[in-house]
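Biologist: I would like to learn how to read a model like this one. Please go through it feature by feature.

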Amino acid sequence: MEVQTLQSGVQPVRVDGFTHHEALDEEEKFHLFWKFDDEKIEFEAHVQTTGWFGIGLSPNGGMPGSDIAIGWVKDGKAHLTDHYADAQAQPPVDESQDWELVSGYENGTHTVLRFNRKLTTCDEKDRVISGDTMRVIWAWHDQDPDEASGVNGPSYHGSNRGTRATLLLQRIVPEQTISTGTTYTFDLLMNNVAVPGNQDTTYWCQLLKMPELAGKHHVIKAEPIVQAGNEGTVHHLLIYTCKKNPDMTIMPEGHPGHQCYTPNMPSDWWECYQGSIMFAWAIGSGAIVFPEHVGYPIGDEDDSGYVLMEMHYDNPLLASGIRDSSGMRLTYTPELRDNDMGILEVGVLVNKFHVIPPHVQEFKSAGYCSSRCMDAFLEEHGQPIHIIGANLHSHLLGVKLNARLFRDGVETDIARDDNYDFNLQYQRILKEELTIYPGGLGTPQEMCETFFMYYPKFNLSRCDSKPNTAHTVGVAGVQNFTLCV
């Protein structure tokens, strides 16, 4: 095993054997590495302190209800104790010690501890570690405690604390899958868009030219490029492939584009929505590396050479003066993989009739991909499709998301998150690929959309439904109405 030596001001790059890594704080003083299997998760924390540090699993980002491990190294001996928090105070020691210390050491600047825990324990004071979004809380202090709790226990951490939402059990495709062979990169970027300061939500569109290629290539990685300072404004984006049109409206170089779905947007840009979804990205998600047997096709005979990028800007404070040139970087290769990948949108069609009644504690919203729609395309395709990943997508009101498959009267979860976080919308790689035969796809419940990564690519890019308008207004007690569109 190789561990990078920690020195003051030096960030740990990797710890061999661990598959995941995040800096929990903005100053990157608390680094967490981890790996997991079907039964256990193992962490290694590198914290810039020579005192104690704590890490916990919280139900909502606060201390009460949290499952916490506190550790330190004193006189060359590593310590770790299991705690639970029932209040905003020093957490008492748990009677059942389920966090297990593996090893630990301290140098002149950092404390490093390796420890593990079963994903599910029999202790009611422990939190189950699942595929849901987890709120990880952290803290540290520069002095070691004399005891695990009480007056001689860990001193108050002060401002050295915080919370971070993450997917601890996220399955990722390692970067090594693209480390060999011939690859190129290409950036698709907005052009200094002036984000409107008079509306909280803006959808902005730009027609972009793809690289000129002599033949078919496969995109094998897509990573976001978010302009520094705009992390809270750039919420999500979609990239659509445009159909061939010799008369496509091409804007002059330097033109910022147009607000989507408005009369100002060139009418022929609307045709791009009839093409395929090339990529979907949302806030909180990082680079997407595709499995070795799939790639998104570009440069083939059906490729027009243009894509439409639709960016969702979130500006709830109605701030003025925001300029943005964010987008996506594509890594592509001429060395074709076995299968063409596609993106399939399933859920509630984005429209003004998708509403939530006022003053309700919770409300379930469901969108369906009807078998009447799916079967026709699958039969034309001549073979089933295989789902390899899913991006559960909602906005601020979404709290639980679930994409399901209905087949022969049996419901199967494709992806779900019972602790959804608007600011963390990862592409989730499935543990096992799911094959879709004629007979219907999934139901995204309590949400807006799911974007499925699948192969082999076919001609369907959206399979949405929309609420029944009469039922929607009926919930509000309206019986007679005139629909204006």
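**Reading the fold and its salt bridges**

Modeller: Start with one residue: Arg404 counts as buried, at 14% relative accessibility. Keep in mind that this is a predicted model.

Biologist: Where does the line between buried and partly exposed fall?

Modeller: Buried means under 20% relative accessible area, and partly exposed lies between that and 50%. Over the whole chain, buried residues make up 49% of the 485 residues.

Biologist: What is the partner of Arg404 in a salt bridge?

Modeller: That partner is Glu411, and the closest N and O atoms of the pair are 2.6 Å apart. Glu411 is partly exposed, at 47% relative accessibility, whereas Arg404 is buried.

Biologist: How many helices and strands does the chain have?

Modeller: The chain has two helices and 31 strands. Its radius of gyration is 25 Å, close to the 23 Å that the globule rule gives for 485 residues, so the chain is as compact as a globular protein of that length. Along the principal axes, the C-alpha atoms fill a box of roughly 75 × 60 × 50 Å.

Biologist: What share of the contacts joins residues that are 24 or more positions apart?

Modeller: For this one, take the contacts with a separation of 6 or more: residues 24 or more positions apart account for 75% of them.

Biologist: Which salt bridge shows such a link between distant parts of the chain?

Modeller: The structure holds 16 salt bridges. One of them joins Arg164 and Glu22, with the closest N and O atoms 2.4 Å apart. Arg164 lies in strand β10 (residues 161-166) and Glu22 in strand β1 (residues 20-23), 142 residues apart. Glu22 is buried, with a relative accessible area of 10%, and Arg164 is partly exposed at 33%.

Biologist: How exposed are Asp418 and Arg416?

Modeller: Asp418 is partly exposed at 32%, and Arg416 is partly exposed at 33%. They form a salt bridge whose closest N and O atoms are 3.0 Å apart.

Biologist: Which residues are linked in a network of salt bridges?

Modeller: Glu42, Glu44 and Arg114 are linked in that way.

Biologist: How far apart are the mean positions of the positive and negative charges?

Modeller: They are 2 Å apart, for 35 positive and 66 negative charges.

Biologist: And the surface: what part of it do carbon and sulfur atoms supply?

Modeller: The chain exposes about 23,400 Å², and carbon and sulfur atoms supply 48% of that area.

Terms used:
Residues numbered from 1 in each chain as written. Predicted model: local features only at pLDDT ≥ 70, side-chain atom pairs only at ≥ 80, totals over all residues. Heavy atoms only, no water. Helix = DSSP H or I, 4+ residues; strand = E, 2+ residues; numbered from the N terminus. Rg over C-alpha atoms; globule rule 2.2 N^0.38 Å. Buried < 20%, exposed > 50% of the residue type's maximum accessible area, 1.4 Å probe, protein only. Contact = heavy atoms within 4.5 Å. Areas by Shrake-Rupley, 256 points an atom, 1.4 Å probe, with all protein chains shown as cover. Lys, Arg positive; Asp, Glu negative; His and termini not counted. Charge placed at Lys NZ, Arg CZ, Asp CG, Glu CD. Salt bridge = Lys/Arg side-chain N within 4 Å of Asp/Glu carboxyl O.
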